[in-house]
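Student: I have a structure to read, and the vocabulary is new to me. Could we go through the terms one at a time?

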Amino acid sequence: MNTKRNLYKDFEHPFAQFVRIVGKGKNGARSLTYDEAYQAFSMILKNEVLDVQLGAFLMLLRVKEESVDELTGFVQATKDQLNFQPLAVNLDWSSYAGKRKHYPWFLLAALTLSKHGYKIVMHGASGHTMNRVYTEQVLEYLGFPICQNEAQVKQQLDTQNFAYLPLNVISPILADLINLRNVMGLRSPIHTLARLINPFNAKATLQAIFHPAYRSSHQQAAFQLGYKNSAVIKGEGGEFERNPDAKTLICGIQDGELYEHELPKLTDNRSPTEEQLDLAVFKSVWEGQQAHEYGEIAITETMGIALYTMGIVNNYPEAMSKAKHLWNTRF
């Protein structure tokens, strides 16, 4: 690494300009333009950046919070370097947070939709934040394969309308970057942009955020990326899962038009968190051997948002009614 740095003692590294733009002090710094963001992230994906530059760049963006143009540029640069062919996918479902207090009920919402013929690609990363249960391990417990290439995604969509693709298959570099969470002690913009990749150009996309301020930036970035149908929520634990204990503001795109819609709080008191996430209990709810009041509300409400986003229904009351029917007829 020192040898590489020494190459630039007499002239400036090409990436230095981007670190300078976002890091030049309180009065001198600014956000990157779309073109600058695209160029900067293309260099990162091609491994043309020194580690010290990469760490500085990601953390400066984290402190500043990435703009819509930056986020759009990063995502488009990523999409342009992927080699996946478009597939007939109804819904792209990002899953990058993991769960800690409640079971991943969103996963049963997705699997129920797939049982009824809707083709869903879910993608995510596991293990980047400690003490969380990740989608990949839950799917393995339920007996669903984890796809390792595009052919397996197509096969799983053909046979069961659902495929899960880890981020390290989509982009090994992005997977390495998201795993810096435990090195830096902070999430980076990778956690944001990964949710928006939509690798197979599905007709509709779902993204969840941790912090309310990111709702609008996700919505606006999806719009700039040309996504026609999308929904962003502050999901339970950071996953795309409706929290019945709180109002849920949906920042969406429907047929190319931006909209906002708020769903009401559904419970009188905060529901108790799980003492432990026993996946045997989770599986028994999925198989209809056990009921779970909080979980089944979360499942059907999450499914309702997905149905509306896909354009299957005309309004949210109709969406929730259809979701309950799909859940009750999943066998």
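**Reading the helices and the sheet**

Tutor: Helices H4 and H6 are oblique to each other. Before the details: this is a predicted model, where local features need pLDDT of at least 70, side-chain atom pairs count only at pLDDT 80 or more, and totals for chains, interfaces and linings use all residues. Residues are numbered from 1 along each chain as its sequence is written, and side-chain values use heavy atoms, leaving out hydrogens and water.

Student: Why are H4 and H6 called oblique to each other?

Tutor: Take the axes of H4 (residues 34-45) and H6 (residues 68-81): they cross at roughly 45° and come within 7 Å. Angles under 35 degrees count as roughly parallel, over 145 as roughly antiparallel, 65 to 115 as roughly perpendicular and the rest as oblique. The H4 and H6 angle falls in the rest, so the pair is oblique. The crossing of H4 and H6 is also right-handed.

Student: Which residues of H4 and H6 meet?

Tutor: Contact means heavy atoms within 4.5 Å. On the H4 side, Tyr34, Ala37, Tyr38, Phe41, Ser42 and Leu45 take part. Their partners in H6 include Phe74, Ala77 and Asp80. The residues of this contact divide into seven nonpolar, six polar and three charged.

Student: What makes H7 oblique to H8?

Tutor: The axes of H7 (residues 105-115) and H8 (residues 135-142) cross at roughly 55° and come within 11 Å. That value makes H7 oblique to H8. H7 contributes Phe106, Leu107, Leu108 and Leu111, while H8 contributes Thr135, Val138, Leu139 and Leu142. Here the division is seven nonpolar, one polar and no charged.

Student: Now the sheet. What makes E3 and E7 edge strands?

Tutor: Two strands pair if DSSP finds at least two bridges between them. Seven strands form an open sheet in the order E3-E2-E1-E4-E5-E6-E7, with mixed pairing. E3 (162-166) and E7 (257-263) each have a single partner strand, so one side of each is left without a neighbour in the sheet.

Student: How do you know that E1 and E4 pair?

Tutor: Three bridges join E1 (residues 91-95) to E4 (residues 204-209). The rule asks for at least two. These strands run parallel, and Leu91 stands opposite Ala204 in E4.

Student: Which strands does H16 lie across?

Tutor: H16 (residues 293-309) lies across E1, E4, E5 (230-234), E6 (248-254) and E7. H16 runs at about 140° to E4.

Student: Why is Asn161 called buried?

Tutor: Buried means under 20% relative accessible area, exposed over 50%, partly exposed in between (1.4 Å probe, protein chains only). Asn161 has 17% relative accessibility, so it counts as buried. Asn161 sits in the loop between H9 and E3.

Student: And why is Asn201 called partly exposed?

Tutor: Asn201 has 44% relative accessibility, so it counts as partly exposed. Its loop lies between H13 (189-193) and E4.

Student: What is notable about phi in Asn161?

Tutor: Most residues other than glycine have a negative phi. Asn161 has a positive phi of about 65° although it is not a glycine. Asn201 is also positive, with phi near 55°.

Student: Which residues of H2 are buried?

Tutor: In H2 (residues 16-23), they are Ala16, Phe18, Val19, Ile21 and Val22. What covers them includes H4, H5 (51-64) and H6.

Definitions and conventions
Axes fitted to C-alpha atoms, helices over the stretch in contact; angles between N-to-C directions. Helix = DSSP H or I, 4+ residues; strand = E, 2+ residues; numbered from the N terminus. Nonpolar A, V, L, I, M, F, W, Y, C, P; charged D, E, K, R; others polar. Left-handed = near helix turned anticlockwise from the far one by under 90°.
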